[in-house]
Amino acid sequence: KNWLGTKYQYAGETKKGIDCSGFSCVLYDSAYGIRLNGGSRDIFSLVDPIEKAEFREGDLVFFKIEKNEISHVGVYLSNNHFAHATIQAGVIISDLDDPYYKKYFYSGGRIRKKMLDVGY
């Protein structure tokens, strides 16, 4: 919760400013000790896709907002809510059923076990 309201900054990774992939990477490192890096598409390449009914805390949610390509990522919390960094509001918690996010939702994913085994 201490990240809520942190302003958006493209390629940012600190409390001074952070973007969606930076936030997901920092959160994963601090909460789970798992180091991720890269943009939302890079992070998507590290997951096994899962159905919404299977989502659990820590899963990643991906959106195709720009050019019909994965361009946004967030971290699933619970009860259909996810944390992410937005251009307009910085770090916030949103609902996957919000019409905007529902429109652009692409997939959920869980980090592949083999990535965890090699300490990625």
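**Reasoning from cut-offs in a predicted model**

Mentor: Ser-94 belongs to strand E7, which covers residues 90-95. The model is a predicted one.

Trainee: Why is Ser-94 called buried?

Mentor: The term buried requires a relative accessible area under 20%. Ser-94 has 9%, so Ser-94 is classed as buried.

Trainee: What makes the pairing of the Ser-94 and His-84 side chains a polar contact?

Mentor: The cut-off is a pair of N or O atoms within 3.5 Å, one able to donate a hydrogen and the other to accept it. The two side chains are 2.7 Å apart, so the distance satisfies the cut-off and the pair is a polar contact.

Trainee: Which residues does Ser-94 touch, not counting those up to four places away in sequence?

Mentor: Ser-94 touches Asn-80, His-81, Phe-82, His-84 and Tyr-101.

Trainee: Turning to Ser-24, where is Ser-24 found, and is it buried or exposed?

Mentor: Ser-24 sits in helix H1, residues 20-32. Its relative accessible area is 0%, which is under 20%, so Ser-24 is buried.

Trainee: What does Ser-24 touch, leaving out residues up to four places away in sequence?

Mentor: Ser-24 touches Leu-60, Val-73, Gly-74 and Val-75. As for Ser-40, its C-alpha is 8.9 Å from that of Ser-24, with 16 residues of sequence separation.

Trainee: How many salt bridges are there?

Mentor: The count is four. Among them are the pairs Asp-29 with Arg-35, Glu-69 with Arg-41, and Arg-110 with Asp-59.

Trainee: How do you know that Asp-29 and Arg-35 form a salt bridge?

Mentor: The rule asks for a side-chain nitrogen of Lys or Arg within 4 Å of a carboxyl oxygen of Asp or Glu. The N to O distance for Asp-29 and Arg-35 is 3.7 Å, so the pair meets the rule.

Trainee: Which accessibility class does each partner have, Asp-29 and Arg-35?

Mentor: Asp-29, at 31%, falls between the limits of 20% and 50% and is therefore partly exposed. Arg-35, at 57%, is over 50% and is therefore exposed.

Trainee: What makes Glu-69 and Arg-41 a salt bridge?

Mentor: Their closest N and O atoms are 2.4 Å apart, which is within 4 Å, so the pair qualifies. This pair links distant parts of the chain, 28 residues apart: Glu-69 is in the loop between strand E4 (60-63) and strand E5 (72-78), while Arg-41 is in helix H2 (residues 40-44). Glu-69 has a relative accessible area of 37% and is therefore partly exposed.

Trainee: Why do Arg-110 and Asp-59 count as a salt bridge?

Mentor: The N to O distance is 2.7 Å, within the 4 Å limit, so they count as one. Arg-110 lies in strand E8 (residues 105-111) and Asp-59 in the loop between strand E3 (47-50) and E4, so the bridge ties together parts 51 residues apart in sequence. Arg-110, at 22%, is partly exposed because its value lies between 20% and 50%. Asp-59, at 2%, is under 20% and is therefore buried.

Trainee: How many disulfides are there?

Mentor: The count is zero. Cys-20 is in no disulfide, the nearest cysteine sulfur being that of Cys-25 at 9.4 Å.

Trainee: Why is the sulfur of Cys-25 not in a bond with that of Cys-20?

Mentor: A disulfide needs two cysteine sulfur atoms within 2.5 Å. The separation is 9.4 Å, so the sulfurs are too far apart for a bond.

Trainee: Are these cysteines, Cys-20 and Cys-25, buried or exposed?

Mentor: Cys-20 has 10% relative accessibility, under 20%, and is therefore buried. Cys-25, at 8%, is also under 20% and is therefore buried.

How values were computed
Residues are numbered from 1 along each chain as its sequence is written. This is a predicted model: local features need pLDDT of at least 70, side-chain atom pairs count only at pLDDT 80 or more; totals for chains, interfaces and linings use all residues. Side-chain values use heavy atoms; hydrogens and water are left out. Buried means under 20% relative accessible area, exposed over 50%, partly exposed in between (1.4 Å probe, protein chains only). Helices (H or I, at least four residues) and strands (E, at least two) are DSSP runs, numbered from the N terminus. Contact means heavy atoms within 4.5 Å.
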